[in-house]
Amino acid sequence: MNPKQLGAVIILAGILLAVQLGMMFQNKARAVEVEVEKVKGEEKGLETQLAAEKDILTDLQRQSDELLKFVAKWKPFFALIEEKQSAETGISMKVREEGMLTLSQRYQQVPHKINNKDNVSLPVLIRATLLFDDNYSKLLMWFGNMEKIKPTMRVGRLALSKGSRGEDLRMELVLEIPLRKGSGAK
Amino acid sequence: MLLADTRIDDFKTERKGIAPPLPMIMRLVPLLFYLSLLFLVVVGSFASLHARLSSNHRNTVLARIETLKKDIEDTKKERSALEAQISEAMDLEAWVLASMPLQPLAVAIIRSLGNQPEIVDFTLERDAETPSQLRMSLRLNTPSDKQLEQTLEVIRAMNYREFNPTQTRVQGNLDYKANLLWQDPRSGRQTPEERASQTGVTP
């Protein structure tokens, strides 16, 4: 190969290199554009997902609004787990205040289960088993008064039978007070 | 002094080893070389500019994607918190709806008996699994069943429906047992004040 041919080959190689470089730059730009299209697709998917999540949340808020408003009125009447001592003493104080003839009173803390399943929100019940022998109207008034001042208290059992004297009744009462999990107790 | 061209040519020595000229087509090579350089400059510049703009755009979109992901995460957290609230609210509601006061029912039943019959035993027990249901057991010392009918009327008037009733008479006493279902406990969501106003009936 003579020098002229060699020079021509070198220049041709330069041409090829320049074209290759140009094509490489273009391919790189195209690759970035493809990547942009890909992330745009991902963005669109995420926008759809966000819209769906927001729809679900809005639906849930709409559906639960009435329930939450109803429960908000009742929530302050539910004693917290931390207040179990005061829940017990609250009942025994009311028994003492009225000066009724009390044959026995027993307080227990029992786990609150329904169909053998723990109740997560109201995990503990204070169960007071009280046995009175006193005047019929005094007993029923006290019973009604307890339901009035503790609207979340539930009567689990009421058993009435003849008392020891003419107008008297023997009343066995099982009162249940649910204890709510506090906001800190999770 | 002027010399004729032919004479000057005559001074040139004979050169050896001069390569033969390239074919005519090879004259295009330098032209192509300059064109390729122009192509490299133009295409390279445009491509670089395009790549930089696209890269900026990609970074903007990626930033938006991060924001979207965070928004989705926040919305999911909000939904989880709301679901936990709803779950708690449902438990509390179930308790409230199934903890209807029993004193008015007890007073009404006792009142319905009047003075004639004597209650030997009267029990109301709440079903632990279905707290809106009560098991009632009533033992009366009465010769007639009429009294029981009146009592059942009173129970119905208080929105309780009896089912699985059994009635027996043992040694002059009338034994009546039934389950009582508080009718449609979800029909009205009472406030604590409304609930309290229902109970505390004077016997």
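Q: Two strands count as paired if DSSP finds at least two bridges between them. In this predicted model, which residue stands opposite I119(B) in β2(B)?
A: Strand β1 (residues 118-126) of chain B is joined to β2(B) by eight bridges, and the two run antiparallel. A hairpin of six residues leads from β1(B) to β2(B). Across from I119(B), the residue in β2(B) is L140(B).

Q: In what order do the elements of chain B run from the N terminus on?
A: The secondary structure of chain B consists of five helices and four strands. Read from the N terminus, the order is α-α-α-β-β-α-β-β-α.

Q: How many bridges join β2(B) to β4(B)?
A: These two strands run antiparallel. One position where they face each other is S137(B), which stands opposite K177(B) in β4(B). The number of bridges joining β2(B) to β4(B) is eight.

Q: Which residue in the turn between β3(B) and β4(B) has a positive phi?
A: Strand β3 (residues 160-170) and strand β4 (residues 173-182) of chain B run antiparallel and are joined by nine bridges. Within this pair, F163(B) stands opposite N179(B). The two strands form a hairpin with two residues between them, and the one with a positive phi, of about 50°, is Q171(B).

Q: Is helix α3 of chain B largely enclosed or not, and how many of its ten residues are buried?
A: A residue counts as buried when its relative accessible area is under 20%. The buried residues of α3(B) include P104(B), L105(B), V107(B), I109(B) and I110(B). Helix α3 (residues 103-112) is largely enclosed by the rest of the structure, because the number of its residues that are buried is nine.

Q: What phi does G114(B) take?
A: G114(B) comes just after α3(B). Its phi is positive, at about 65°.

Q: Which strand gives the most to the largest nonpolar core?
A: The largest nonpolar core has 49 residues, and those with the most contacts inside it include W142(A), F143(A), F122(B) and Y160(B). The biggest share, six residues, comes from residues 168-180 of chain A, which form strand β7.

Q: How many residues are in the other core, the one that lies apart?
A: The largest nonpolar core, which has L158(A) and L175(A) among the residues with the most contacts, is a separate group. Among the residues of the other core are W74(A), L82(B), I86(B) and A89(B). Its size is 16 residues.

Q: Is L35(B) buried, partly exposed or exposed?
A: L35(B) lies in helix α2 (residues 28-97) of chain B. It is one of the residues of a nonpolar surface patch that also includes I25(B), L28(B) and F46(B), with about 880 Å² of accessible area together. Buried means under 20% relative accessible area and exposed means over 50%. L35(B) has 46%, and therefore counts as partly exposed.

Q: How far apart in sequence are the parts that D133(A) and R170(A) tie together?
A: The side chains of D133(A) and R170(A) meet in a salt bridge, with 3.9 Å from N to O. D133(A) lies in strand β5 (residues 124-135) of chain A and R170(A) in strand β7, so the parts they tie together are apart by 37 residues.

Q: Is D134(A) buried or exposed?
A: D134(A) forms a salt bridge with K138(A), whose closest N and O atoms are 3.7 Å apart. K138(A) is partly exposed, at 28% relative accessible area. For D134(A) the value is 8%, which means that this residue is buried.

Q: Which residue forms a salt bridge with R139(B)?
A: The N to O distance in this salt bridge is 2.9 Å. R139(B) lies in strand β2 (residues 133-141) of chain B, and its partner lies in strand β4, 36 residues apart. R139(B) counts as partly exposed at 33% relative accessibility, while the partner counts as buried at 14%. That partner is D175(B).

Q: What share of the residues of chain B counts as buried?
A: The accessible surface of chain B is about 12600 Å², with 56% of it belonging to carbon and sulfur atoms. Among contacts in chain B with a separation of 6 or more, 59% are between residues 24 or more positions apart. Chain B has 203 residues, and the buried share is 37%.

Terms used: Residues are numbered from 1 along each chain as its sequence is written. Chains are lettered from A and ligands numbered from 1 in the order in which they are written. This is a predicted model: local features need pLDDT of at least 70, side-chain atom pairs count only at pLDDT 80 or more; totals for chains, interfaces and linings use all residues. Side-chain values use heavy atoms; hydrogens and water are left out. Patches are made of residues with over 30% relative accessible area and no salt bridge: like charges are joined within 9 Å, nonpolar side chains (Val, Leu, Ile, Met, Phe, Trp, Tyr) within 5 Å. Accessible areas come from the Shrake-Rupley method with a 1.4 Å probe; for residues, only the protein chains shown count as cover. A salt bridge is a side-chain nitrogen of Lys or Arg within 4 Å of a carboxyl oxygen of Asp or Glu. Buried means under 20% relative accessible area, exposed over 50%, partly exposed in between (1.4 Å probe, protein chains only). A nonpolar core is a set of buried Ala, Val, Leu, Ile, Met, Phe, Trp, Tyr and Cys residues joined through side-chain atoms within 4.5 Å. Contact means heavy atoms within 4.5 Å.
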